[in-house]
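Reader: Could we go through this structure together, slowly? I am new to this and would like to ask things as we go.

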Amino acid sequence: MEQKWSQLWLAYEKKTEQGNEVFFRKVAVEGFSAAERVVKSALKELETGARGMFGLKPDVLKDVTDAGLILRKVQENGRISEEGYSVKEENGQIVCEAVDAKGLLYGVFHILRLASMGKSLAGTDICCNPDNPLRMYNHWDNMDGSIERGYSGNSFFFAKDDVLTDERVRDYARLVSSVGINGVVINNVNVKQAATYLITDRFFDKVARMAEIFADYGIKFFLSLNYAATMELGGLPGADPLDADVIAWWKEKMKECFAKIPNLGGFLVKADSEGCPGPFTYGRTQADGANMLADAVKPYGGIIIWRCFVYNCTQDWRDRRTDRARAGYDSFIGMDGDYRDNVILQIKNGPMDFQIREPVSPLLGGLQKTNQMLEVQIAQEYTGHQIDVCYLIPMFKEILDFHTYCKEGADTVADVISGRTMGNQNAGIAAVINTGNDANWTGNDLAAANLYGFGRLAYQTSLTAEEILDEWIPMQISSDKEVMETLREILLSSRETYEKYTSPLGIGWMVTPNTHYGCSVDGYEYSRWGTYHRADHLGIGVDRSDKGTGYAQQYHEPNASMYNSMESCPEELLLFFHHVPYTYRLKTGKTLIQHIYDSHFEGYDEAEAFAKAWDRLEGKIRPETFRTVKERFGRQLVNAAEWRDQVNSYFYRKSGIADEKGRKIY
Ligand code: GCV
């Protein structure tokens with residue numbers, strides 16, 4: 001049957017050149033029950049891959065002697081951990097070992113990946129264990145089918161206030177488990193209307209059915225909760241986390257939820273944020289709210305993932321003492337160590353909101369006795385709406401590699417969120433996902449590199465951005481050498497290019513309010529959202545040093561001092577931390593204003609070069625992909641030109657300083 005949607009990197013086109021098919025003819029399962037649901041999925045995946053690549057259906061044998069591929073259960077042995085696997089070719093047989101079925105499934109996907117990349121399986125000898133216990137995708141899907149910050153169609157989980165459980169959900173589960181994702185939150189953190197009822201009989205049956213599809217692929221199922229459900233569903237007058245009736249209601253509700261949805265892992269909660277209710281309303285702390293829910297899910301092994309995106313979104317722009325960047329830390333740091341073991345605080349990578357460049361949130365590693373999870377966004381809300389190309393894995397690598405100085409020897413963000421710093425298991429990484437029901441899932445075909453790459457990075461943090469592309473490009477786009485090289489070049493520089501033509505030096509924002517696509521330099525400048533650039537006729541940037549809002553002091557030393565001084569502050573974040581005169585000389589010797597001009601001209605030129613390089617690949621790429629990506633490059637160019645012209649004209653008029661190179665500025 002012709003599928004209505006693409007299989008992305010699981011498309012498995014014919015790949016006979018490496019002679020890998022010998023391994024796929026006969027498969028034996030040893031120690032695992034072939035009837036176990038995740039093992040069954042692993043065998044099914046092998047079958048799909050073998051059919052596509054070699055046109056054959058593997059026989060499943062009981063005896064390993066004749067098998068080309070052996071799937072073997074082993075005891076935990078210091079080499080392979082839970083959800084880990086090894087793959088080794090021995091005397092013409094591929095042996096995949098794992099201690100549990102999830103590890104086995106990941107091992108099978110690894111074998112398929114190598115074959116699909118066109119690598120020979122002969123001589124394979126690898127062992128992989130996941131770096132992060134929790135590796136999650138967060139959907140911001142609404143029950144009417146819309147997706148908050150979605151740029152690739154509508155939801156494939158919901159439509160018309162109902163839950164969908166069709167083959168697309170299964171294909172989604174296959175895709176994300178193939179890159180190692182083990183948890184999915186299906187609904188938007190802004191839980192309203194029908195979504196509040198996901199934890200009631202109105203939807204339990206369908207939700208449980210969907211959760212079972214995920215269970216087949218070793219994925220735990222999570223829901224976002226409405227913190228005020230006690231009022232909206234329970235008829236109680238409030239949601240005070242210390243109120244006995246509220247506590248009792250949630251206890252009963254959780255008992256019901258875990259009974260009705262066996263594959264439920266727990267809940268994600270956005271509280272006291274952007275209009276969402278929360279414990280602050282009752283004079284309680286974030287810990288009070290999170291702990292109350294954590295106690296209710298504890299008997300069922302559930303976890304509460306509590307978001308730290310808490311800030312005052314009704315600030316007065318004239319108020320220069322309130323700094324949105326400070327808010328997350330100020331709201332959570334005082335209760336470090338007060339959270340239950342089954343609470344995880346989920347922290348956005350930066351203190352603001354997924355800008356093209358922000359410093360790492362000081363809460364990460366600032367908290368030293370609390371479970372932490374990193375939240376990043378592959379939905380390109382502020383990074384080009386999946387119209388503009390923006391490969392985000394290099395940014396995520398930077399974040400993970402950042403030294404927080406929280407503990408000698410294990411202080412990077414990667415250490416903190418993997419559990420290495422504190423020895424905790426409830427930790428991990430989540431991404432706000434970029435999918436929708438477009439046939440290609442991600443709007444721009446090239447945005448699938450982020451969908452693929454995030455999962456791979458979450459599983460194996462040491463993978464480089466280049467290695468991830470070397471896996472993804474040949475599987476989904478083409479293994480042609482010129483295509484590989486061109487795409488590698490475009491994708492690896494795409495984040496910096498986007499930064500250059502939008503908002504360099506860490507200033508961020510300057511986007512069209514609400515939609516967050518396109519330039520509007522002052523769009524948010526005189527509004528309540530707390531996202532200012534503070535440009536005047538002399539300079540630009542926000543003073544967050546000890547003479548300004550004091551935000552830089554939220555970091556451990558030596559980061560606090562580094563950010564505090566204009567001289568030692570990394571220049572790519574200069575305007576995030578300092579208000580800088582246009583005449584200030586950067587390390588390149590250029591003045592700030594000249595840097596702004598140059599960066600925007602360069603950014604546009606680079607985007608133009610991407611479009612031209614793509615054009616040269618015509619005939620080497622599937623026509624549909626070629627055409628749709630070409631169309632997006634065209635739109636990216638229009639966007640880049642608008643940004644360049646608006647930003648340059650704005651700062652030319654503000655500063656009165658002309659471009660040294662005399663280029664066209666309006
Ligand atoms: C889901 C930003 C986005 C909102 C989003 C919010 C959040 O403010 O613009 O759409 O809401 O972040 O992360 O909760």
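Author: Gladly, and one definition will help us later: Ala, Val, Leu, Ile, Met, Phe, Trp, Tyr, Cys and Pro count as nonpolar, Asp, Glu, Lys and Arg as charged, and the others, Gly among them, as polar. Please also keep in mind that this is a predicted model.

Reader: OK, so how do the residues in the lining of the largest cavity divide up?

Author: That lining has 12 nonpolar residues, three polar ones and two charged ones. There are 17 lining residues, and those nearest the centre of the cavity are Cys308, Phe309, Gly328, Gly350 and Pro351.

Reader: Which helix gives the largest share of that lining?

Author: Helix H9 does, with five residues. Helix H9 spans 324-332, and both this helix and strand E14, at 343-348, supply at least two residues each.

Reader: And how much space is in there, and how many cavities are there?

Author: The largest cavity holds about 150 Å³ of space, and the count comes to 11 cavities of 30 Å³ or more. The second largest has a volume of about 80 Å³, and its lining of 14 residues divides into seven nonpolar, four polar and three charged. Nearest to the centre of this second cavity lie Gly506, Ile507, Trp509, Arg544 and Phe576.

Reader: Changing topic, how many disulfides does a search of the structure find?

Author: The search of the whole structure finds zero. Cys276, for instance, is in no disulfide, and the nearest cysteine sulfur, in Cys313, is 9.7 Å away.

Reader: Why is Cys390 not bonded either?

Author: Because its closest cysteine sulfur, in Cys519, is 16 Å away, the sulfur of Cys390 is too far for a bond, given that a disulfide needs the two sulfur atoms within 2.5 Å.

Reader: Are those two buried or exposed, Cys276 and Cys390?

Author: Cys276 is buried, with a relative accessible area of 14%, and Cys390 also counts as buried, at 3% relative accessibility.

Reader: What about helix H5, how far apart are its end C-alpha atoms?

Author: They are 18 Å apart, which agrees with the expected span, because 13 residues (204-216) at 1.5 Å a residue should span 18 Å. Just after H5, Gly218 takes a positive phi of about 70 degrees.

Reader: Which residues of H5 are buried, and what covers them?

Author: The buried ones include Phe204, Val207, Met210, Ile213 and Phe214. Among the elements covering the buried residues of H5 are helix H2 (37-54), helix H4 (167-178), strand E11 (220-225) and helix H7 (244-260).

Terms used. Residues are numbered from 1 along each chain as its sequence is written. This is a predicted model: local features need pLDDT of at least 70, side-chain atom pairs count only at pLDDT 80 or more; totals for chains, interfaces and linings use all residues. Side-chain values use heavy atoms; hydrogens and water are left out. Buried means under 20% relative accessible area, exposed over 50%, partly exposed in between (1.4 Å probe, protein chains only). Helices (H or I, at least four residues) and strands (E, at least two) are DSSP runs, numbered from the N terminus. The expected span of a helix is 1.5 Å times one less than its number of residues. Contact means heavy atoms within 4.5 Å. On a 1 Å grid over the protein atoms alone, a cavity is a set of points where a 1.4 Å probe fits but cannot get out, and a pocket is an open set with protein on both sides within 12 Å along at least five of seven lines; lining residues have an atom within 4 Å of a point. Grid points are joined across faces, edges and corners, and a volume is the space filled by probe spheres set on the points.
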